[in-house]
Amino acid sequence: GESLADVTGLIGQYAHGNEPSHHVAYLYALTGKPERTQELVREIVSTQYHPTPEGLCGNDDCGQMSAWYILSCMGFYPVDPVSAVFGAPQLPRISLSLPGGKRFTVVAEGLSEPNKYVKAIYLNGKRYRKNYISHADIVKGGELRFVMTAERPSN
């Protein structure tokens, strides 16, 4: 017998264990359906990652699975080399130490099991309406605040 291909982390036709497809959940946000990205990120984080030695599906080739998890828990994922598309944060607060003593902090205000949708985003206290954040904005430091809600946005 032939062995079957290693297809792990299946959610419908999406295989999270196949690292080259990690950006797929974020494509909804780029097509005007951020709520679908937010739902999928929550589902992937809660079903495909566990605090055990076998805690992630697939193979963590060069840390890609771990990178997806950390970035997605921060609320975004880079689908290109210079910016990251918003999903929804999965942690109430996370802070990065940056060069020059700067910090970049992500806050998910009101995050809870039912509050998985993003109602509003603020960058350094100002309403932020883009569906992505640039690398340049992150390395400046500051605070990215997500206001979370249980209400699924209607388009």
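Leaving aside neighbours within four places in sequence, with which residues is Q38 in contact? In the predicted model, Q38 lies in helix α2 and contacts G87, A88, K116, Y117 and V118 beyond that sequence window. The Q38 side chain reaches the backbone nitrogen of V118 at 3.0 Å. With a relative accessible area of 4%, Q38 is buried.

Helix α2 also carries a salt bridge between the side chains of E39 and R36 (3.1 Å, N to O); these two residues are three positions apart, about one turn of the helix. E39 counts as buried at 13% relative accessibility, whereas R36 is partly exposed at 30%. Both residues belong to a network of salt bridges that also includes R152.

In total, the structure holds six salt bridges. Among them, the side chains of E109 and R145 meet at 3.1 Å, N to O. This pair links distant parts of the chain, E109 being in strand β6 and R145 in strand β10, 36 residues apart. E109 is partly exposed, with a relative accessible area of 39%, and R145 is likewise partly exposed, at 24%. A further salt bridge joins K140 to D137, with the closest N and O atoms 3.3 Å apart. Here K140 is exposed, with a relative accessible area of 57%, while D137 is buried, at 16%.

Helix α3 spans residues 64–74 and has M65, W68, S72, C73 and M74 as buried residues. The elements covering these buried residues include helices α1 and α2 together with strands β3, β5, β6 and β10. The helix is followed by G75, whose phi is positive, near 110°.

Notes: Residues numbered from 1 in each chain as written. Predicted model: local features only at pLDDT ≥ 70, side-chain atom pairs only at ≥ 80, totals over all residues. Heavy atoms only, no water. Buried < 20%, exposed > 50% of the residue type's maximum accessible area, 1.4 Å probe, protein only. Helix = DSSP H or I, 4+ residues; strand = E, 2+ residues; numbered from the N terminus. Contact = heavy atoms within 4.5 Å. Polar contact = N/O pair within 3.5 Å; in protein donor to acceptor, adjacent residues only side chain to side chain. Salt bridge = Lys/Arg side-chain N within 4 Å of Asp/Glu carboxyl O.
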